[in-house]
Structures are given as structure tokens and as C-alpha cells.
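Work through the exercises below with the model open. Try each task before reading its solution.

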Amino acid sequence: MRAYTQEWFDHYGQQIENLLYHMADLGSWRILDPLVITEVHAKSYALWGLSVRSAGRHPRNLMLDCIYICAKLSGNRASYSAIKRSAKRLWNKNMDILTLDRRRDTRRWFWDYEAEIRSMFPDEYAWNDFVSEFAIAEEE
């Protein structure tokens, strides 16, 4: 399957949905409401599609980043460990979430998409809570 084709995008969209339902099935995410899962899936996929060409992350790792961001900002938080554990069980591969990139001025890819993320999730408190966990690491 060639990168950036509709088939490729559809494949990763399905992978996001599979992981979200896998997390719920394992009990590592307390969300069981299909409407919430659908909302987090739609926003995660939209953010992933927006950033996949330039974020500097492998598409699957970026997928985990987007799930974490969208779950947290929507008020349906999923922990790093829950996402990583579910991904490991589903795909038998260890993956990291929102790692530092020392080659970038902004250190984490999501800063380049702040305006887009905030338009998806306009809650100022949620945004400030989200970025507060990265403030110390960004300064190092």
C-alpha cells in the first residue's frame, strides 16, 4: 500500500478505531460509550491526517500521540501507559507517545498545530492543563 493514498489513510483511520475499542475492551480506558469513542476517533483521525505529512513521526506513533491529545482535551483522558499497553497487545510493538524531538525548535510536533488543536477543542482550561505537563520538559 502506497503512502498518502486514500487506501493508506483509510487503513490508519481503521487502526485508530481498532485501538480505541481495544482499549475499552481491555478496561484500560473507562470509556464504553460508542458515541464518545466515535468522537475521539473522528478528532484523532482528523488531527493525524492534518499532521502526518510534516510532524516528523512515524504514522503509527503519531496516531498514538493524536489519540492521547484528543482523549485528554475532550475530557475522556487515556493515560500514556494505557495507550502504550493496548498498542503493544494489539500490534506486538512498543511505541512511545509525544516524545521530544531535539532536532525541532518547538521540541514536540503538536506546538506547530496549536491553532488547529485549539479550534477542535476550544476549552482554554483543558488546553492549559494539557500543555502544563510538557512545560518543564520543553525548557530542558
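**Exercise 1. Find the polar partners of the Arg 57 side chain, then place the residue.**

Solution. Start with the backbone. The Arg 57 side chain reaches the backbone oxygen of Asp 96 at 3.0 Å. Next, take side chains: Arg 57 makes a polar contact with the side chain of Asp 65 at 2.8 Å. (A polar contact is a pair of N or O atoms within 3.5 Å; within protein, one must be able to donate a hydrogen and the other to accept it, and residues adjacent in sequence count only if both atoms are side-chain atoms.) Now widen the search to contacts, meaning heavy atoms within 4.5 Å. Leaving aside neighbours within four places in sequence, Arg 57 touches Leu 62, Asp 65, Asp 96, Ile 97, Leu 98, Thr 99 and Trp 109. Finally, place Arg 57: the loop between H2 and H3. (Helices, H or I of at least four residues, are DSSP runs numbered from the N terminus.) Arg 57 counts as buried because its relative accessibility is 17%. (Buried is under 20% relative accessible area, exposed over 50%, partly exposed in between, with a 1.4 Å probe and protein chains only.)

A note on the model: it is predicted, so local features need pLDDT of at least 70 and side-chain atom pairs pLDDT 80 or more, while totals for chains, interfaces and linings use all residues. Residues are numbered from 1 along each chain as its sequence is written, and side-chain values use heavy atoms, without hydrogens and water.

**Exercise 2. Compare the settings of Leu 98 and Tyr 4, two residues with positive phi.**

Solution. Recall the background: most residues other than glycine have a negative phi. Leu 98 has phi near 50°. Leu 98 lies in the loop between H4 and H5 and is buried, at 3% relative accessible area. Tyr 4 has phi of about 70°. Tyr 4 sits in the segment before H1 and is partly exposed, at 39%.

**Exercise 3. Work out how the buried residues of H6 are arranged.**

Solution. List them first. In H6 (residues 124-132), Ala 126, Trp 127, Phe 130 and Val 131 are buried. Look down the axis: the buried residues fall within an arc of 125°, so they line one face of H6. (The arc is that of the directions from the helix axis to the C-beta atoms.) Then check the helix start, where a side-chain oxygen of Asp 123 comes to within 2.9 Å of the backbone nitrogen of Tyr 125. Last, follow Phe 130: its contacts beyond four places in sequence are Tyr 68, Ile 69, Lys 72, Leu 73, Leu 98 and Phe 110.

Note on methods: Helix = DSSP H or I, 4+ residues; strand = E, 2+ residues; numbered from the N terminus.
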